[in-house]
Structure formats: C-alpha cells, structure tokens
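This report describes side-chain contacts, strand pairing and burial for the structure shown below. It is meant to be read with the sequence and the coordinates at hand.

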Amino acid sequence: MGYNFFLNKQIPEMFIQKLHNFKNSLGNAIETGQNIPFADSDITYLMRLQRNRINNKGVDLDYNIYSRGKDLDHFTLGSSWKDAHYESSVCFNRCGIKRIVRKDGKTAFRDDRKSVIYETVTDVMNGAHPDNDPFSCPNCGAVSTVAGLQNGCSYCGTRFRMDELFPKITSYYFLDDAGLTKKEFAKMYFICYLITVVSIYLTGCILRWDAYSPFFLMTHPTKLIGTFLAIVFGSIPVGYILLTYVLLIRFIIKAASAAGKMGTAGSRAQFEARMKRISPEFSFEYFTSKAISLIKTAIFSDNEQELMFYEGQPLDPRMKDIIDLNYGGALGCQRVIDEGNFVTVVTKAYFDILYASENKVYYKSQAFTATFRRRTDIPVNFNFSMTRIACPSCGASFDATKIKNCPYCGNQYNMISDDWALIELKYN
C-alpha cells in the first residue's frame, strides 16, 4: 500500500502513471477548471482560483504541456522526506509549455518554453495509517477521514481502496530547462558547422585566393574536389570551437539574468541547518512547496484577507492582474527570527509572471518578499492541507478556505498552530 522511497531508488509504475496523468491533465485543468481526481485538494482549490482570475480578466488562456521527445518523456526521482505517516518525493520530467492568451478573439500573447515540471507525490507509509486525518473525497470533495473514505464516502456513497486515495500529487511547479538535449546539441552544432563552411569559403573569395575563386575552380576540376574536401573536413573542428564559444556566451547571458538568484544556495543550507535544530523533521523541499502554494493562492484570491493562512496587509493591486505565475527556481532566506515557540522566516522568492492588465498581456520575471511563520513546538504533518481542517476544539471537519471560524463550535482556527502561515507578501 505504501512505498518507501528510501529503500527503493526506482519510481513504481503506479506512481509513474499518476505523474504522467497529472502532467497531461494540468493544461486542461488550468484552461477549464476541471478537477484532477488524484491531485491534492489544495491544488484543486488553487486551480479554481486561477481559473476565476482568468475569467474575470476577460481573456482565454490556452495551456499546452507537451513532450519534447521519447528520450525525455520519463520522470526522474529527486529528493524525498517523511514524517510518522506519510512519505513524499519530488519527481521531475523535461517537457515544453505553449501558452496563448487571447483577448477579444485576438492573440495578445504567446510563448513556448522548454521546461522541467517538478511534481511532489505523497503516499501512506507501511505500518502507520493516518486513519483519523481529514481527507477530501476524490469524487465529490466532501471532507471526511482516511478511514471513513475506506468504508465509503458518507456524502456520495463512493467506496475507495487506499491505493485509490494514495498516492496523490500534493504540489507542482515548473522551471526553465537550461540544458540541451542531444537533438538540440546536434542542431546547434550543425548550424555552427554551416556557418564555418560558408565563412571559410567567403573569406577565401574576399582575399582572392585562387583555390577559392569560382572561375578557377570551374576550370580546374581536381582543385574543386580538393578545396571542397578541405572545407568540409576542416570545418569540423572549427565548428566545435565556434559551438564552444556560442555555449559559453549562452551560459554568461543566463548567469547574468539569474545573478540575483545566485545568493540563495548558501542561504538555503544555513536556513535548513538552523530549522533542523528547532524542528528535526524539517524539510526544505516541503517548505518550498508550501511557500509556493501559499503565495500563489494569496495572489489568485479575490480577497486574500479572508484566507485562513494569510495575516498580512492588502496585496499590491498589480498582483490582481496576474493570470499565471511559475516558480523561478530560487527561494532565498534573508532572515530567520526565533521568538519563543514561533519561528518567522523572511524569504525572497523568484517567479516568472504573466500579467493581463486592461491594456496588454505581458511577461515579467520578478521577486517577492514573502514572510512566513509557524510554531516549532509541534511536529510537521506533511499531509496538512489548508482545505481540510479538523477543529482542535470540537474535532469537526470544515473547509477553512471559506470560513475562519468553526461552523460547529464557533472557535477561530489558528493556522500557525498547525503549519506555515503567510504574514506578508510584497514586491521586492
């Protein structure tokens, strides 16, 4: 029923199928708001918010995630983490994303990005089942418990096996793919090779070398063959040299554009080491996934101050023009503050953002300053979700994305008591 990523280094077939199905269904879910049954309810909620934002902006967004070739169409296992009940792992796949935004029937924006999709898959560990954990029915969305759903959903009557409830996708994000495939490398070399061939020949013509003169070659067939072979074979190593310079320039340009992100690697190690002293089960991967989810949900919400997990000031009005945003691959921790049983973390998060204002649709890479807080005297529950809440006062389950107070006993739910809360979000 469960699968131990730490003892097995391969992804099981059942997981691979759900990873691919999620990737293949994601574009349609963003376009139409259609649910992905095995996606975490937080993802479903976030997609619904994004779909509403797109509709409110009066635009249509075509979102096509496609395969970049059979040699790339596989998922690779990344880092893993676990708590008492659940085990999660990040798996990634190289793909492409085509986006087309239409406004009033006309194309206002289009792009095609080579990307890597990162999906977090979570499963129940063998020997420790979280029977009383609240869980949303994959069929009707009603909140129940894991044990309750195994006996059948009390709302819609659907019965499930544990392997139908788990594994499930609990988070995802994209990063631009800076690498080259074999085909892309060969294509770049072929272009550099042709440039070299033409350059050598034109140089000979410009310098009036007899062996390169068209008239001379037409009257000396044997010289024509010799010159041809010299150019063809002589251009092979020169083409590689030219390709090396092209790749170097490409690397410099990408490094310069990502210069602000470079300082995040060291801050991650320091932050993780410090947090593990406070909370040994801390996982930076989980924190990153949670931070991305909270930021995106706050941005796509019509009124972020009604959200249970947000405790900050009203967001910058420009954020209400965002129709799509992808994690930019860097989350730097600028400051960590310990206060009693609470820890506050000030981060710098990079995103690639698609805006739809009244006048235009445009793309921009930007950074946010995002501040998070949580208690350190309680263990992390890696299956915790803001859309599935069990009231600590009376034990009742309710959807805390819609109301902050328990509808049964009236007590206000304190997000910081269970997981990370977002207490400030602003442009950097």
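## Strand β7 and its pairing with β4

In this predicted model, strand β7 is mostly covered, with 7 of its 9 residues buried. Strand β7 runs antiparallel to β4, and 8 bridges join the two. Within this pairing, T122 stands opposite K168 of β7.

A salt bridge also connects these two strands: the side chains of D176 and R113 meet with an N to O distance of 2.6 Å. D176 belongs to strand β7 and R113 to strand β4, which spans residues 106–124, and the two partners are 63 residues apart, so that the pair links distant parts of the chain. Although β7 is mostly covered, D176 itself has a relative accessible area of 42% and is therefore partly exposed, while R113, at 22% relative accessibility, also counts as partly exposed.

## Salt bridges that reach strand β3

The salt bridges in the model come to a count of 13. One of them is formed by D177 and R94, whose closest N and O atoms are 2.6 Å apart. The pair links distant parts of the chain, since D177 lies in the loop between β7 (168–176) and α5 (182–206), whereas R94 lies in strand β3 (residues 86–103), at a separation of 83 residues. The two partners fall into separate burial classes: D177 has a relative accessible area of 12% and is buried, whereas R94, with a relative accessible area of 24%, is partly exposed; the boundary that matters here is 20%, because buried means a value under that figure. Through salt bridges that share partners, R94 and D177 are joined with R68 into one network.

Strand β3 takes part in a further salt bridge, in which the side chains of R99 and D324 meet at 2.8 Å, N to O. Here R99 is in strand β3 and D324 in strand β8 (residues 322–339), so the pair links distant parts of the chain that are 225 residues apart. Both partners of this bridge, R99 and D324, are buried.

## A lysine in helix α1

K18 lies in helix α1, which covers residues 13–32. What is the relative accessible area of K18? The value is 13%, and K18 is therefore buried. A polar atom of the K18 side chain lies 2.9 Å from the backbone oxygen of P167.

## Aromatic pairs

The structure holds 14 aromatic pairs. In one of them, the rings of F287 and F372 have their centres 5.6 Å apart and their planes at 80°, which makes the pair edge-to-face, because planes over 60 degrees apart are classed in this way. F287 is in helix α9 (residues 284–300) and F372 in strand β10 (residues 361–375), so this pair links distant parts of the chain, 85 residues apart. Both of these phenylalanines, F287 and F372, are buried.

A second pair brings together F368 and Y427, with ring centres 5.2 Å apart and planes at 35°, so that the pair is tilted. Because F368 lies in strand β10 and Y427 in strand β13 (residues 421–427), this pair ties together parts of the chain that are 59 residues apart in sequence. F368 is buried, with a relative accessible area of 0%, and Y427 also counts as buried, at 13% relative accessibility. F368 and Y427 belong to a cluster in which ring pairs also link F92, Y118, Y173, Y327 and F351.

## Charges over rings

Where does K98 lie with respect to Y66? K98 lies over the face of Y66, at 5.2 Å from the ring centre. In another contact of this kind, the charged end of K360 sits over the ring of Y362, at 5.0 Å from its centre.

## A positive phi angle between β3 and β4

D104 is found in the loop between β3 and β4, and its phi is near 55°, a positive value in a residue other than glycine. Is D104 buried or exposed? With a relative accessibility of 72%, D104 counts as exposed.

Terms used
Residues are numbered from 1 along each chain as its sequence is written. This is a predicted model: local features need pLDDT of at least 70, side-chain atom pairs count only at pLDDT 80 or more; totals for chains, interfaces and linings use all residues. Side-chain values use heavy atoms; hydrogens and water are left out. A salt bridge is a side-chain nitrogen of Lys or Arg within 4 Å of a carboxyl oxygen of Asp or Glu. Helices (H or I, at least four residues) and strands (E, at least two) are DSSP runs, numbered from the N terminus. Buried means under 20% relative accessible area, exposed over 50%, partly exposed in between (1.4 Å probe, protein chains only). Two strands pair if DSSP finds at least two bridges between them. A polar contact is a pair of N or O atoms within 3.5 Å; within protein, one must be able to donate a hydrogen and the other to accept it, and residues adjacent in sequence count only if both atoms are side-chain atoms. Rings of Phe, Tyr and Trp (its six-membered ring) pair if their centres lie within 6.5 Å; planes under 30 degrees apart count as stacked, over 60 as edge-to-face and the rest as tilted. A charge sits over a ring if NZ of Lys or CZ of Arg is within 6 Å of the ring centre and within 35 degrees of the ring normal.
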